[in-house]
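Morning, everyone. Please have a look at the structure on the screen, and then I'll walk you through it.

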Amino acid sequence: ADIGSQKDRVVTEEEWLQRWEMSKIGFHKEQGHPLLQKYLDVLLNGRSGLRIFFPLCGKAVEMKWLADMGHSVVGVEISKQALKDFFAEHSLPYCEEPVPEISGAKKLQSTSGNISLYCCSIYDLSSSIVGKFDGVWDRGALVAVNPCDRQRYVSLMITLMEKNSSYLLVTVSYDPNKHKGPPFYVPESEIKSLFG
Ligand code: SAH
């Protein structure tokens, strides 16, 4: 397939915010993702009390699943509406505070303390702000990143991972000439070279 057709495509943050505003969020899975259920053991590997990262989290219900299992969840998302909807839809009380290191960013944290969602661009984060993670659930994240930003995204993700962390990545396979994305087509060979 000719992946060149998507190489220069850019979806702006404004466009994402508009999608949330207009509820054009066909990517959201109300029942959660069956692949997380299927590969949960790979993510957890018998460990408990993990720190799990959700890049470009939207209002993914899997965050609630993992928190309910006793893990602590950190997400990042540019749409504040998505994050507010997440807490509202699960009837979770939360509080909001600024993030001193990132101008304009907010952290929305469940009152119980085990779900912390950053409202900012993922590119503003670093391990000194959010720490490192034992597991990553990457669904609708790498495939939503603009193709020109993939290397930057993956390099950042690598810096956010603990030594023995597991990274579950969901991609979609299709002919990139037939759909402009997102989600973008990220061939397996590129995933291998991105993550090294
Ligand atoms: N992972 C979620 C959402 C996937 S859609 C799920 O599985 O449902 C991609 C999300 O990334 C959108 O909600 C969009 O608002 C958000 N987003 C796009 N660019 C971003 C960026 N640079 N930083 C943080 N969030 C971003």
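I'll take the ligand site, then some backbone details.

A reminder before we start: this is a predicted model.

Let's begin with the ligand. Where does the ligand sit? It sits in the largest pocket. The shell around it has 15 residues. Trp20, Leu56, Glu77, Ile122 and Arg139 are the closest of these.

What kinds of residues make up that shell? Ten are nonpolar, three are polar and two are charged.

Now the polar pairs. Take Glu77. One of its polar side-chain atoms is 2.6 Å from a ligand oxygen. Next, Trp20. Here an N or O atom of the side chain lies 2.8 Å from an oxygen atom of the ligand. Then Leu56. This one uses the backbone: a backbone N or O atom is 2.8 Å from a ligand nitrogen.

How much of the ligand does the protein cover? On its own, the ligand has 580 Å² of accessible area, and the protein covers 95% of that.

Stay on Leu56 for a moment, this time for its backbone angle. Its phi is positive, near 45°, and Leu56 is not a glycine. Where is Leu56 in the fold? Look at the loop between strand 1, residues 51–54, and helix 3, residues 62–68. Is Leu56 buried or exposed? It falls in between: Leu56 is partly exposed, at a relative accessible area of 25%. So Leu56 combines a backbone contact to the ligand with a positive phi.

Ser23 is another non-glycine residue with a positive phi, about 55°. Find Ser23 in the loop that runs between helix 1, residues 13–21, and helix 2, residues 34–44. Ser23 is exposed, and its relative accessible area is 54%.

Last stop: the cis peptide bonds. Go to the loop between strand 7, residues 161–170, and helix 7, residues 188–195. Pro182 is in that loop. Pro183 is found there too. Which residue is joined to Pro182 by a cis bond with omega about 0°? That is Gly181. Move one step along the chain. The bond from Pro182 to Pro183 is also cis, and its omega is near 0°.

To recap, then. The ligand is in the largest pocket, with 95% of its accessible area covered by the protein. Leu56 and Ser23 carry positive phi values. Cis peptide bonds link Gly181 to Pro182 and Pro182 to Pro183.

That's my part. Over to you for discussion.

Methods
Residues are numbered from 1 along each chain as its sequence is written. This is a predicted model: local features need pLDDT of at least 70, side-chain atom pairs count only at pLDDT 80 or more; totals for chains, interfaces and linings use all residues. Side-chain values use heavy atoms; hydrogens and water are left out. A residue is near a molecule or strand if one of its heavy atoms lies within 4 Å of it. A polar contact is a pair of N or O atoms within 3.5 Å; within protein, one must be able to donate a hydrogen and the other to accept it, and residues adjacent in sequence count only if both atoms are side-chain atoms. Accessible areas come from the Shrake-Rupley method with a 1.4 Å probe; for residues, only the protein chains shown count as cover. On a 1 Å grid over the protein atoms alone, a cavity is a set of points where a 1.4 Å probe fits but cannot get out, and a pocket is an open set with protein on both sides within 12 Å along at least five of seven lines; lining residues have an atom within 4 Å of a point. A molecule sits in a cavity or pocket if more than half of its atoms lie within 2 Å of its grid points. Ala, Val, Leu, Ile, Met, Phe, Trp, Tyr, Cys and Pro count as nonpolar, Asp, Glu, Lys and Arg as charged, and the others, Gly among them, as polar. Helices (H or I, at least four residues) and strands (E, at least two) are DSSP runs, numbered from the N terminus. Buried means under 20% relative accessible area, exposed over 50%, partly exposed in between (1.4 Å probe, protein chains only).
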